[in-house]
Amino acid sequence: MNESYNDNVPLIRVINDNDSFNGSLNETQVRKKNRSKYSKNVIRNQKYNIITFFPVVLYEQFKFFLNLYFLLVALSQFIPALKIGYIITYFGPLVFILSITISKEAYDDLLRKKRDNEENSQKYEILTADGFKHIPSSKIKVGHLIRIHENQRVPSDLLLLRTSNINGECFIRTDQLDGETDWKLRTAVSTTQQLKFDSELYDYQASIYAENPHKDIYKFIGTFTPFSASEESISTPLNVENTIWANTVLASGTAIGLVLYTGRDTRSVMNTNFPKTKVGKIDWEINRLAKILCVVTFIVSFVLIALNNFRGIWYISLFRFLIIFSSIIPISLRVNLDLGKTYYSYDIMHDDEIPGTVVRTSTIPEELGRVEYILSDKTGTLTKNEMELKQIHLGTLSYTTEAMEEIRSNLLMLYETQNEVNNIRFKRSKDMANRIKDIVIALALCHNVTPIISEDGKLTYEASSPDEIAIVKWTEKIGMTLIYRDTKKIKLKTPIDTILEFSILEIFPFTSETKRMGIIVKDEITNEITFYMKGADVVLSKMVLYNDWLDEECGNMARKGLRTLVIARKKLSNNSYMTFKKKYDQAKLSVADRNGEMEKVQTSIENDLELLGLTGVEDKLQDNVKTTLELLRNAGIKIWMLTGDKVETASCIAVSSKLVSRNSSIVKFFNLNSMTDACLVIDGETLQLCLSGCKDLFYEMTKNLPAVVCCRCSPTQKADVTKLIKTKIKNCVCAIGDGGNDVSMIQSADVGVGIVGKEGKQASLAADFSINQFQHLASLLLWHGRNSYKRSAALSQFIIHRGLIISVIQTVFSAMFYFAPIALYQGLLLVGYTTVYTSGPVFSLVLDKDINYATAMKYPELYKELLKGRSLSFKTFFQWMLISVYQGGIIMTGSILLFEDQFQNIKSITFTALIFNELLMVAFEVKTWHKTMVLAEIITLFFYILSMFYLKTDFDLSFIFSINFVWKVAAITLVSSLPLYIIKKLKSYFSPPNYLLIRD
């Protein structure tokens, strides 16, 4: 395919803030030159290229102390004076480990490149002088006219010019951009939508002002200015409703759009965060232990040189000892831990108790066993995000679920008798019916819900908020059904099947800043213009006419756990509306602070509103959320609820979900010092003051509380609270949420858990662990967290012990033979010790478990012990060091004492005793046997005996298979291991751990 499409540019020019524009179109060459400065429309998720791959990957590996240490040891073998054995002995394990890592990185990056190439080579239709032609996505440039078909991904940020819908409307799916699963309505520029044919767009002359690229996917400021020789150019304001961002999908019809931003300038790329790879606390703890082992290695080497009175070239001997004792720091430790993490992740994802769970960060499963704080969202996390209108209050009357039939009958009566003459009999009931009608029509009109009629005639609704869908479903249930909506009209079907038609004059969408939404409509029958508004009570209570019931009833509904919405209206005369419209249209064309100017004009009519009523919508609790929270609280985990809801609603959910325990009280911010069993409720403004001015004091006052509820929280505040707690505790913070507003909190936490909910998958995709229900969190922490942490602690300490014991044997050997820096074990024997001879049984410890699932869930108090960090601590580390010194000393001295006349076989004697000792120690550590563990022990023993026939230089077979050898090695092994087993059993008997008491 030739690339003539690169110069085939339509006569519509895109300008942004950095362009100079004199109001007229220049020749095509100028436009080509301007277009060359924009980013290429390519997707690139690769981490490396052919030049940076090896330097970056090697740097990432050698920044870890273990790998760097072994690289230096391996390099030292090229110096003849420091050479101990075969170079392959030192380079082999290092190269093997690095090869696995580099291969994995290369494979992952090649997959990323393959996916990128697939995306960049997808064909799209662009409009040219000869009609539509196909080009690959990577060749799309700013100014091209692209035609998108139904279910096709949008390749770049577009301005919508035409759609197949006569009204210029189309729906898009944005779940891959903002995580929301609902369809969004988009509207084409009216001027270009009116053209008869798509081909006319190519010769259409206009300029478009588009603001400079930025990250906000909910805002766009632009103007569309057509040029006509006969008419004065009239600019049309553009907003986000006229755009289709890259990575969204066209859900209906076809659409033609003008490319505004490409490549890294698109909203989707600018919002793509590459969070740092999370490293578990256990990895840092092991890194610290490795540094201690390095110091131990140096001290032992120096002592041996000192005991030899620094004879000869002592510093050469010092370096040789450092190389000989390098096995103290086990190079296989990181590989074993990484393989263990992979197994834990597999185990989590294949657990039938928590179906659908996905592990997205496999480097931190142990952190699940050390969670001290859980920071949870409310809506969609503790609650189902399934809304149902439960109560409606009209000032003098309140209707609950049981009385909804009365509303329906009143509304039906009103429409059936609307042509009858008012008389005393009907006056009172019609009065109430009219009030009901007013609020029902307001609820049926004031929203952003779009009705969708399927092929089988079933009516469903699409909206960005489940609250709105719940309200529209309620109006349908009582007889006022939304049957049609586009950008210009809304049609309602009354209880008597007549149609009410309203023209949409203006819409003021809901934002988290304004906390309200409004709509101006015109009744096509009466020509009345009405401004409807709904929103939070804290905002609308200042806009409505004086009343004495709103605040009290809002509080009452909030205490029932209902989400409240205030409904109001204002009737506008034709003159007052036209005055408002003129000012509002001028504000829309403002380039500088357009949103601020529009807000000012909007507030001019947001006063003296007639209060119609108050609605209460219930958000149902998640399944078993009460039981789960009680389990987690009994496990010693402090739970904070961070929500954007009001104080009363959040407090009620905290009580109903049992976040607040039976004996706890809800208190205000002060007088917390002496309270250890209370729930603190704090609002967003107070929280912001605490975070900005006295965060340390705030933490000190709340650290002993079992629960805290933070209301009216912004996403930034959620992340700030997470970061504050992380800096104050030695254990982990777990954040859990289901919406896009929880992503920053999830990514800031040590462990981020996302719930796949009705708000989409954005939180789930950004999280380290994805679950389907909140109740699965208990299994994730109390069972999988416990197993992962305890298994990794046992595995790492045993591998350290494995390196220490062989170094102790070497130390005793060197001390007995004039402190000579000569290695006892070399070549394949040394390599085999850390691989085929011990790796199977040692790694099988990842299958061990101290209690079963039922016990872990029945006694959550056992989790508290994990928070103390006793499974892997300096205490346990030094205990294993003493064990290694004892066993290494016994094996070496015992071998010399029992085999004093067969010293030439000291290598095979000590090594055999060492292997048997390690196999026994693994068996002593196992708490619950698994068939794989038994197989690992048997196969390893068989393989070791078999290898003796191959390594004839190290093993004298006639000597090894003698009875004298067998019983003496068995005696040495028993003396080195049996006393430790007896001590362990005595300790378990006189001072048993809690898990053992429960299990027994």
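# Close-up views of a predicted model

**View 1. Asn 247 sits in a loop between two strands.** Asn 247 lies in the loop that links strand E11 (243–244) to strand E12 (249–250). Keep in mind, here and in every view below, that this is a predicted model. Is Asn 247 buried or partly exposed? With a relative accessible area of 27%, Asn 247 is partly exposed. Take a look at its backbone too: phi of Asn 247 is near 80°, which is a positive value in a residue other than glycine. Most residues other than glycine have a negative phi.

**View 2. Asn 151 is another loop residue with a positive phi.** This asparagine has a phi of about 65°, although it is not a glycine. Where is Asn 151 found? Look in the loop between strand E4 (145–148) and strand E5 (157–163).

**View 3. Six strands line up in an open sheet.** Follow the strands across this sheet and you will meet them in the order E3-E2-E4-E13-E5-E11, with antiparallel pairing. Which strands are at the edges? They are strand E3 (131–136) and E11, each of which pairs on one side only. At the E11 end, E5 and E11 pair in the antiparallel sense over 2 bridges. To find this pairing by residue, start at Leu 158, whose bridge partner in E11 is Ile 244. As a general reminder, strands of a sheet pair through backbone hydrogen bonds, either parallel or antiparallel.

**View 4. Strands E8, E9 and E10 are joined by antiparallel bridges.** Begin with strand E8 (residues 206–210), which is joined by 5 bridges to strand E9 (residues 222–226), and the two run antiparallel. You can trace this pairing from residue to residue: Ala 206 has Pro 226 as its bridge partner in E9, and Ala 210 has Gly 222. Moving on from E9, 3 bridges lead to strand E10 (residues 236–238), again in an antiparallel run. Here Thr 223 has Pro 237 as its bridge partner in E10.

**View 5. E8 and E9 are covered on both sides.** In a regular strand the side chains alternate between the two faces of the sheet. For E8, Ala 206, Ile 208 and Ala 210 are on one side, Ser 207 and Tyr 209 are on the other, and all of them are buried. That fits the count for the strand, with 5 of its 5 residues buried. How many residues of E9 are buried? The count for E9 is 5 of its 5 residues. Gly 222, Phe 224 and Pro 226 point one way from E9, while Thr 223 and Thr 225 point the other way.

**View 6. Nine strands form an open sheet, and a helix packs on it.** The strand order is E17-E16-E26-E25-E24-E23-E22-E21-E20, with antiparallel pairing. Strand E17 (398–400) and strand E20 (481–485) stand at the edges with a single partner strand each, so one side of each has no neighbour in the sheet. On average, neighbouring strands of this sheet are turned by 30° against each other, direction ignored. Helix H14 (residues 550–559) packs on the sheet and touches strand E16 (383–393), strand E25 (562–572) and strand E26 (610–621). The direction of H14 makes about 10° with that of E26.

**View 7. Strands E22 and E23 pair within the sheet of nine.** Strand E22 (residues 499–508) and strand E23 (residues 516–523) run antiparallel and are joined by 6 bridges. One residue pair to look for is Glu 506 and its bridge partner in E23, Ile 520.

**View 8. Helices H15 and H16 pack against each other.** Helix H15 (residues 574–588) and helix H16 (residues 594–603) meet at an angle of about 170°, and their axes are 8 Å apart. Because of that angle, H15 is roughly antiparallel to H16. On the H15 side, Phe 580, Lys 583, Tyr 584, Ala 587 and Lys 588 take part in the contact; on the H16 side, Arg 594, Glu 597, Met 598, Val 601 and Gln 602 do. Sorted by class, this contact has 5 nonpolar, 1 polar and 4 charged residues.

**View 9. Asp 742 is a buried residue in a loop.** Look for Asp 742 in the loop between strand E31 (732–737) and helix H22 (743–748). Its relative accessible area is 0%, so Asp 742 counts as buried. Which residues does Asp 742 contact, leaving aside its neighbours within four places in sequence? They are Asp 377, Lys 718 and Gly 737. With Lys 718, the side chain of Asp 742 makes a polar contact, side chain to side chain, at 2.8 Å.

Technical notes
Residues numbered from 1 in each chain as written. Predicted model: local features only at pLDDT ≥ 70, side-chain atom pairs only at ≥ 80, totals over all residues. Heavy atoms only, no water. Axes fitted to C-alpha atoms, helices over the stretch in contact; angles between N-to-C directions. Helix = DSSP H or I, 4+ residues; strand = E, 2+ residues; numbered from the N terminus. Parallel < 35°, antiparallel > 145°, perpendicular 65-115°, else oblique. Contact = heavy atoms within 4.5 Å. Nonpolar A, V, L, I, M, F, W, Y, C, P; charged D, E, K, R; others polar. Buried < 20%, exposed > 50% of the residue type's maximum accessible area, 1.4 Å probe, protein only. Pairing = 2+ DSSP bridges. Polar contact = N/O pair within 3.5 Å; in protein donor to acceptor, adjacent residues only side chain to side chain.
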